[in-house]
Structure formats: structure tokens, C-alpha cells
Amino acid sequence: MFSIPFENQYVTLGEGFFARTRPTPVSDPVLIRFNHDLAEKMNLDTVDVARDQLAQWFSGNQVPEGAEPLSMVYAGHQFGHYTPRLGDGRAILLGEVIGQDGQNYEIQLKGSGRTDYSRNGDGRSPLGPVLREYLVSEAMYYLGVPTTRSLAVVSTGDAVYREEILPGGVLTRVARSFVRVGTFEYHARRSDQEGVKKLADYVIGRSFPELSESENPYLALLETVIERQALLVAKWMQFGFIHGVMNTDNMSIVGETIDYGPCAFMDGFAINRVFSSIDQQGRYAYNNQPGIALWNLARFAECLALAVDSEVGAAVEAVRPVLEKFQALYERAWMAGMQAKCGLVRKKRNATPSQDLLIKDLLSLMHECSSDFTIVFYELSRLSDQAEKQDHEFLKQFASNQYAASDWLVKWRAALSAMGIGQKQRQSQMQSVNPVYIPRNHLVEAAIRSAEDHGDFSAFHELHEVLKAPFAEQKGRQEYQSPPNPEQEVKQTFCGT
Ligand code: AMP
Ligand code: MG
């Protein structure tokens with residue numbers, strides 16, 4: 001009989017880091033989707049396991065043998081305000097497995113019932129947000145953005161009560177680690193230095209074993225987390241992705257995108273775009289994301305400081321220069337990515353000052369003209385070295401200032417000629433980083449509507465298939481590429497909890 005080969009480690013941290021919690025059964029679990037590709041990577045030999053059995057496990061109705069279900073405790077700064085105890089209010093870690101790559105994968109149910117940390121919540125999730133997280137997190141993976149992944153969607157057969165009555169769902173999601181900045185804050189802000197060190201040692205041992213050789217492993221951990229976040233946020237920016245709720249409890253220590261709530265990909269570009277209905281001040285607006293990442297990392301640095309050096313003054317002296325590296329790391333990653341998007345890559349990758357200006361000029365023009373973020377780079381990737389008729393498709397994205405966009409193309413082509421790369425090679429390089437398909441909000445919304453309102457999952461499955469190959473043009477799937485009509489446009493997103 002098939003069983004999941006659990007090798008649980010989080011549980012070894014012991015009391016003070018979690019509460020053992022069993023999932024609350026649901027009425028009628030039906031498996032909507034199971035991610036066999038991911039299961040294989042995780043060494044789960046599920047191909048022959050009956051769908052009913054998978055539905056039992058991934059709804060929480062049956063706890064698989066070897067699982068040690070628990071909910072993790074953490075704290076967090078939410079919109080800048082500290083809450084001393086949050087924790088998994090509707091999530092339960094089943095346990096961990098070792099994948100084909102030798103790395104660990106933590107398996108978590110989300111929407112599986114109340115836990116010690118539910119406060120006034122019901123521990124449940126409507127099906128809509130579950131489908132949304134499945135689609136967007138998997139799309140991120142195929143775009144090459146570090147992310148938690150999704151293993152299964154189960155509908156529960158139970159109603160979830162929000163402003164309206166909605167069908168319930170359980171998502172099984174998978175991460176290298178579910179430890180967050182907020183997990184460290186929980187211990188640090190209770191002045192539990194032993195707890196901080198224990199957690200840091202665990203994270204190093206589990207996720208970054210090479211750091212244990214460093215002169216000061218805690219300082220090295222800080223540096224690694226900073227580096228990962230800088231690379232992550234640079235990627236978000238390059239796909240027009242807005243996380244929407246970058247609270248410290250939603251920032252992963254291993255640098256994966258986590259907690260897909262009100263997140264969204266931009267259609268028309270606006271540098272300060274906000275989607276989330278609860279982000280009234282625009283704290284988590286598109287262009288604030290790098291600054292907020294740094295703000296969160298400063299909170300992380302505060303947690304680690306006394307582990308780095310038990311003398312406060314020396315700790316601050318040690319930590320500050322590491323934190324200051326973020327800006328340069330981020331800018332370097334951002335610029336390298338933008339150069340690739342624009343085809344301005346030569347052997348030596350350093351951007352020249354004129355390239356820097358060229359890229360920034362393009363973004364200001366896009367902002368001015370509300371150009372579709374994805375289509376601009378898609379069209380640019382298809383232009384030839386010489387001006388020709390096809391330029392029109394690119395220029396269409398700049399309807400309110402085509403003259404400036406034409407001027408920009410002249411300068412772009414001048415810069416291209418200095419790269420010394422053939423047109424074909426340049427185009428194929430650009431097409432490998434500029435997607436044709438992103439999970440556009442109106443498509444995600446339409447898939448959710450037909451699932452929630454009519455129990456029809458075909459749009460969800462089809463959209464997911466398209467997003468598995470985002471850089472390749474797929475025959476007959478033009479509608480997945482197009483921006484929304486004005487009446488399809490999603491102007492605001494909701495946490496959906
Ligand atoms: P989030 O906005 O998803 O990052 O969640 C913030 C906090 O609220 C976390 O501690 C969640 O576990 C908790 N939470 C969100 N929704 C629910 C729910 N339906 N029931 C219980 N806790 C919840
Ligand atoms: Mg969260």
C-alpha cells in the first residue's frame with residue numbers, strides 16, 4: 001500500500017514553536033486537481049493512488065500515516081503594526097518529505113479547520129481563493145519565480161460564511177520552509193534569545209547547511225535572506241507582479257513568494273499600482289515593494305542582532321552594513337533582468353549609464369500611456385533590428401504618445417547595435433524572459449466564477465495548462481494573451497479569507 005515517506009523535522013523544535021492540531025473533517029471531499037508533476041519531484045509515488053484516497057488525505061479527513069500535524073506559531077508586522085501572536089489560523093503542516101533533488105518539501109493544508117491560532121476565524125477558506133492560489137503560485141513557478149507550490153485542491157462540500165455563502169475548499173501547498181520573518185519576531189520580541197537561536201540553527205541546518213561553516217553563521221543567515229529577498233522582489237517587478245500584503249508574517253525566510261491573497265499581475269502599467277482593497281495607503285504598491293522588503297528585513301535583522309553579537313553596540317555595528325547591501329543587490333538584479341527583457345545583454349553584463357536611462361525612459365512612457373506591461377515586452381521581443389511595419393504593434397501600446405515611443409525605439413536600436421548579438425539570437429533570448437501568458441486577473445476571476453457559481457472547473461484547468469508554458473506561443477490561445485476589455489477589468493482584489 002502506498003504511504004507518504006514523511007521525514008518530519010519542524011516538530012523536533014519542540015514546544016514553543018507550534019501546537020499539535022488535527023484537521024477538522026469536511027462533509028464531502030472531492031479532488032478537483034492534483035499536481036502529479038510536483039508529486040513526482042517530491043518522491044510521492046501517487047500515480048496509482050485512487051482519487052478518493054487523495055481527496056481523503058488532502059482535505060484533512062484522513063491524516064496519512066507518518067504525518068505529525070501541527071500549526072506553527074508566528075507573530076508579524078501587519079501594515080506596519082506589530083501583532084505579537086498570529087500563527088497558522090487556518091493552516092496545518094502535515095509533515096515533510098525529501099524530494100528527488102535531495103531537498104526537503106513541507107506539506108501544508110490550508111483551510112483545514114480551526115487551530116490554536118484561529119482567534120475569531122473559522123479556519124476555513126472559500127474555494128475561490130484556493131483556486132486562485134493554485135493558479136497563481138503554479139504560474140509563478142513556471143515563470144521561474146521562487147514560490148511555494150500547490151499540490152492539490154479539494155472542494156469540501158461545506159459552506160463557508162463570509163459576506164456571502166461560498167463553497168469551501170482546501171489547498172495543499174508545499175514550501176522548502178514555512179518559516180517566516182514573523183516566526184523570528186515571535187521569539188525575539190518576547191526576549192526569548194534561546195528560541196531565536198534555536199530557530200536560526202534549525203533554519204541553517206535545514207535550508208542553508210553551508211552557512212554553518214561561516215565565521216558568524218547568524219550574520220551569514222541574515223546576508224543570505226537579504227540576498228534571496230532582493231532577487232525575489234526584482235523578479236516580481238519584472239513581471240509586473242504585486243504581492244499586495246507584504247506583512248512580515250508573509251515574508252518567507254527561504255525567499256519564496258508566499259501567501260497569495262490579494263496579489264495581482266498588472267495589465268496597464270502604473271508605477272504606483274495597488275489592487276488590494278485593504279491597502280488604503282498604498283503601503284504595498286508596486287513601486288514600494290523593494291523598500292518594504294528592506295523594511296521587513298530590518299525587522300528580521302533586529303531579531304537576529306543579539307544572536308550575532310550579545311553586546312548591543314557591536315551587534316548593531318555588525319548587522320548594519322549587511323542590511324545596507326540590500327539596495328545594491330536589488331538594483332543589480334533588477335537591472336540585469338531589465339537588460340535581458342530589453343535585449344540589451346552582452347558578454348559583460350554591467351549596464352552602461354545610457355542603458356540605465358533607456359530602461360527607465362521606457363517605464364515612464366509605459367506609465368504615461370498605461371501600456372500593457374506584458375504586451376510591451378512581448379512585442380519588443382519580436383521587433384527586428386531595423387525599423388519596419390511591425391513596429392506598429394509595439395507603438396499601439398503607447399497610443400497617447402506614439403512620437404515619444406518611436407523616438408525611444410530609435411535609441412533602443414542604437415543601443416542594440418552596440419551589443420553585437422545577431423537579431424535571431426537576441427529575439428530568442430528576449431522571448432525566453434518575456435512571457436506571452438501571465439495569470440491575468442480577469443482570466444483568474446472568470447475561472448473562479450465558473451467554478452464557484454456553476455461547479456464547472458474546465459476554465460480553471462484550461463488556464464492552468466496555458467500557464468505551464470508561459471514563454472511559448474500556443475496555437476488558438478490568443479484570448480489568454482489579450483488584456484481585459486474595460487468591462488472585464490479587475491480593479492480591486494480581496495484577501496478572500
Ligand atoms: P493572512 O492575511 O492570510 O496573511 O493571515 C493573517 C493571519 O490571519 C494569519 O495568522 C492567518 O492564519 C489568520 N487567518 C486568516 N484567515 C483565517 C481564517 N479564516 N480562520 C482563522 N485564521 C485566519
Ligand atoms: Mg499570511
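These legends accompany a set of close-up views of a predicted model.

**View 1. The magnesium ion and its two protein donors, N250 and D259.**
Start with the magnesium ion, which is ligand 2. The protein reaches this ion through OD1 of N250 and OD of D259, at distances of 1.9 to 2.2 Å. How accessible are these residues? N250 has a relative accessibility of 10%, so this residue counts as buried. D259 has a relative accessible area of 13% and is therefore buried as well.

**View 2. Helices α3 and α16, side by side.**
Here helix α3 (residues 127–143) meets helix α16 (residues 458–467), with the two axes coming within 9 Å. The crossing angle is roughly 15 degrees, so α3 and α16 are roughly parallel to each other. The crossing of α3 past α16 is right-handed. Which residues make the contact? From α3 come L131, Y134, L135, E138, A139 and Y142, and from α16 come F460, L463, H464 and L467. By class, this α3 contact with α16 is made of eight nonpolar residues, one polar and one charged.

**View 3. Helix α16 again, now with helix α15.**
Helix α15 (residues 441–454) comes within 7 Å of α16, axis to axis, and the angle between the axes is roughly 150 degrees. Angles over 145 degrees count as roughly antiparallel. On the α15 side, look for L443, V444, A447 and S450; their partners in α16 are A459, F460 and L463. The α15 contact with α16 contains six nonpolar residues, one polar and no charged ones. If F460 and L463 look familiar, that is a link to the previous view: both also take part in the contact with α3.

**View 4. Helices α9 and α11 at an oblique angle.**
The axes of helix α9 (residues 325–342) and helix α11 (residues 373–380) cross at roughly 55 degrees and come within 8 Å. That angle makes α9 oblique to α11. M338, K341 and C342 are the α9 residues in this contact, and F373, F377 and L380 are those of α11. Sorted by class, the α9 contact with α11 holds five nonpolar residues, one charged and no polar ones.

**View 5. T172 and its surroundings in strand β10.**
Strand β10 runs over residues 165–175 and includes T172. Is T172 buried or exposed? With a relative accessibility of 0%, T172 counts as buried. Setting aside residues up to four places away in sequence, T172 touches F58, the run I107, Q108 and L109, and the run R149, S150, L151 and A152.

**View 6. Q427 in helix α14 and its partners from elsewhere in the sequence.**
Q427 sits in helix α14 (residues 423–431). At 15% relative accessibility, this glutamine counts as buried. Beyond its neighbours within four places in sequence, Q427 contacts S381, R382, L383 and S384. Look for G343 too: the C-alpha atoms of G343 and Q427 are 7.4 Å apart, although 84 residues separate the two in sequence.

**View 7. S276, a buried loop residue.**
S276 belongs to the loop between β12 (264–265) and α7 (289–308). Its relative accessible area is 6%, so S276 is buried. Leaving out neighbours within four places in sequence, S276 is in contact with G244, P262, Q492 and T493. S276 and K491 are 215 residues apart in sequence, yet 9.0 Å apart from C-alpha to C-alpha.

**View 8. Two serines with positive phi, S191 and S370.**
Why are these backbone angles worth a look? Most residues other than glycine have a negative phi. S191 has a positive phi of about 55 degrees, and this serine lies in the loop between α4 (181–188) and α5 (193–207). Its relative accessibility is 64%, so S191 counts as exposed. For S370, phi is also positive, at about 45 degrees. S370 is found in the loop between α10 (353–369) and α11. With a relative accessibility of 49%, S370 counts as partly exposed.

How values were computed
Residues are numbered from 1 along each chain as its sequence is written. Chains are lettered from A and ligands numbered from 1 in the order in which they are written. This is a predicted model: local features need pLDDT of at least 70, side-chain atom pairs count only at pLDDT 80 or more; totals for chains, interfaces and linings use all residues. Side-chain values use heavy atoms; hydrogens and water are left out. Axes are lines fitted to C-alpha atoms, for helices over the stretch in contact, and angles run from 0 to 180 degrees between N-to-C directions. Helices (H or I, at least four residues) and strands (E, at least two) are DSSP runs, numbered from the N terminus. Angles under 35 degrees count as roughly parallel, over 145 as roughly antiparallel, 65 to 115 as roughly perpendicular and the rest as oblique. A crossing is left-handed if the near helix is turned anticlockwise from the far one by less than a right angle, and right-handed if clockwise. Contact means heavy atoms within 4.5 Å. Ala, Val, Leu, Ile, Met, Phe, Trp, Tyr, Cys and Pro count as nonpolar, Asp, Glu, Lys and Arg as charged, and the others, Gly among them, as polar. Donors are N, O and S atoms within 2.8 Å of the metal (3.2 Å for Na, K and Ca); water is not among the atoms, so sites may look incomplete. Buried means under 20% relative accessible area, exposed over 50%, partly exposed in between (1.4 Å probe, protein chains only).
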